[in-house]
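Please load the structure below and keep a selection tool at hand. The stops that follow say what to select and what to look for there.

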Amino acid sequence: YKKRFSELHLVSQCDVRINFDYLKHDLTKFAIACFCAELIDSITQIEDAHSELFDLLIALLLSLGNERTSHALIYSFVIKALSLSGFQPHLESCVVCQSEIAKHAFFSNRLGGLLCDRCRYRDEQRENIHAGTIATILFLQKKSWPGSLRLHLLPSVERQLNRIIFSFLDFNIEKKLKSLKILD
């Protein structure tokens with residue numbers, strides 16, 4: 001039931017279809033679940049049904065019960081959620097001049113994607129980005145959920161992916177994600 005003076009609804013009855021009991025016994029898995037739920041909440045509008053994001057969240061929660069927790073699980077979820085919601089960074093070409101990225105690229109949070117050598121001066125806070133990091137993000141965007149979980153990240157790509165994804169979220173999401181403190 002919709003409450004008169006609140007955005008929250010009153011639920012009078014429900015049935016448990018899937019029990020995610022394992023989240024109660026593992027703080028890391030619980031922190032990942034909280035972060036992902038908070039991310040979905042921050043990139044969607046209230047009462048906006050988004051079945052693909054809901055299915056992605058359920059897939060993540062089920063994976064937390066089956067998989068060892070890994071950073072690839074979090075990166076895959078974030079990249080897929082951003083893609084489904086329209087928040088994904090532009091990675092196919094330079095975001096300014098639309099030229100193809102040859103070898104060397106820069107990432108701009110402010111402009112929302114890659115910059116080529118000629119356009120890199122458009123953002124002083126740009127960051128060098130490796131071709132492997134770009135390929136990883138594109139792979140995670142396009143691959144199915146089970147397929148994306150099979151990815152093994154090189155340490156250098158993982159470090160850069162971590163920096164870029166979370167700085168992108170911090171810059172583009174209007175509110176601070178409180179669960180990130182627990183996840184760290």
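Is Tyr75 buried or exposed? Select Tyr75 in this predicted model; with a relative accessible area of 3%, under the 20% cut-off, Tyr75 is buried. The residue belongs to helix α3. Show what surrounds Tyr75: beyond its neighbours within four places in sequence, the contacts are Leu140, Leu153, Glu158, Leu161, Asn162, Ile165 and Phe166. Add Ser148 and draw a C-alpha to C-alpha distance from Tyr75, which comes to 9.6 Å across 73 residues of sequence.

**The whole chain**

Zoom out and colour by secondary structure. Seven helices and three strands make up the elements of the protein chain. Followed from the N terminus, their order is α-α-α-β-β-β-α-α-α-α. Along the principal axes, the C-alpha atoms fill a box of roughly 60 × 40 × 30 Å. The chain has 184 residues, and buried ones make up 41% of them. Among contacts with a separation of 6 or more, 62% join residues 24 or more positions apart.

**Helix α1**

Select residues 27-43, which form α1. Its 17 residues should span 24 Å at 1.5 Å a residue, and the end C-alpha atoms are 24 Å apart, so the two values agree. Now pick out the buried residues of α1: Lys29, Ala31, Ile32, Ala33, Phe35, Cys36, Glu38, Leu39, Ile40, Ser42 and Ile43. Display α2, α3, α6 and α7 (179-183) as well, since what covers these buried residues includes those helices.

Stay on α1 and centre on Glu38. Why does Glu38 count as buried? Its relative accessibility is 17%, and the cut-off for buried is under 20%. Leaving aside neighbours within four places in sequence, Glu38 is in contact with Lys176, Leu177, Lys178 and Ser179.

**Helix α2**

Move on to residues 51-66, the range of α2. The 16 residues of α2 should span 22 Å at 1.5 Å a residue, which agrees with the 22 Å between its end C-alpha atoms. Show the side chains of Leu53, Leu56, Leu57, Ala59, Leu60, Leu61, Ser63 and Leu64, the buried residues of this helix. They pack against α1, α3 and α5 (145-148).

**The nonpolar core**

In soluble globular proteins, nonpolar side chains tend to be buried together. Which residues touch the most other members of the largest nonpolar core? Select Leu39, Leu60, Phe77 and Leu169; they do so in a core of 52 residues. Two or more core residues come from each of α1, α2, α3, β1, β2 (113-115), α4 and α6. Helix α3 gives the most, with nine residues.

Centre on Phe77 next. Apart from neighbours within four places in sequence, Phe77 is in contact with Cys36, Leu39, Ile40, Leu56, Leu57, Leu60 and Trp145.

**Strand β2**

Select Leu114, found in strand β2. Leu114 has a relative accessible area of 0% and is buried. Outside the four places on either side in sequence, its contacts are His90, Leu91, Ser93, Cys94, Val95, Ile101, Ala105, Phe106, Phe107, Ile129 and Ile134. Draw a line between the C-alpha atoms of Leu114 and Leu39: they are 23 Å apart in space and 75 residues apart in sequence.

**The cavity**

Rolling a probe the size of a water molecule over the atoms shows where empty space is left. How many cavities of 30 Å³ or more are there? The count is one, and the largest cavity holds about 80 Å³ of space. To see its lining, select Val78, Ile79, Leu82, Gln88, Pro89, Phe107, Ile137, Gln141, Ile164, Ile165 and Phe168. The elements giving two or more residues to this lining are α3, α4 (131-142) and α6 (155-172). By type, nine lining residues are nonpolar, two are polar and none is charged.

**A backbone outlier**

Most residues other than glycine have a negative phi. For the last stop, select Gln98, whose phi is positive at about 65° although the residue is not a glycine. Gln98 sits in the loop between α3 (71-85) and β1 (105-108). With a relative accessible area of 47%, Gln98 is partly exposed.

Key
Residues are numbered from 1 along each chain as its sequence is written. This is a predicted model: local features need pLDDT of at least 70, side-chain atom pairs count only at pLDDT 80 or more; totals for chains, interfaces and linings use all residues. Side-chain values use heavy atoms; hydrogens and water are left out. Helices (H or I, at least four residues) and strands (E, at least two) are DSSP runs, numbered from the N terminus. Buried means under 20% relative accessible area, exposed over 50%, partly exposed in between (1.4 Å probe, protein chains only). On a 1 Å grid over the protein atoms alone, a cavity is a set of points where a 1.4 Å probe fits but cannot get out, and a pocket is an open set with protein on both sides within 12 Å along at least five of seven lines; lining residues have an atom within 4 Å of a point. Grid points are joined across faces, edges and corners, and a volume is the space filled by probe spheres set on the points. Ala, Val, Leu, Ile, Met, Phe, Trp, Tyr, Cys and Pro count as nonpolar, Asp, Glu, Lys and Arg as charged, and the others, Gly among them, as polar. A nonpolar core is a set of buried Ala, Val, Leu, Ile, Met, Phe, Trp, Tyr and Cys residues joined through side-chain atoms within 4.5 Å. Contact means heavy atoms within 4.5 Å. The expected span of a helix is 1.5 Å times one less than its number of residues.
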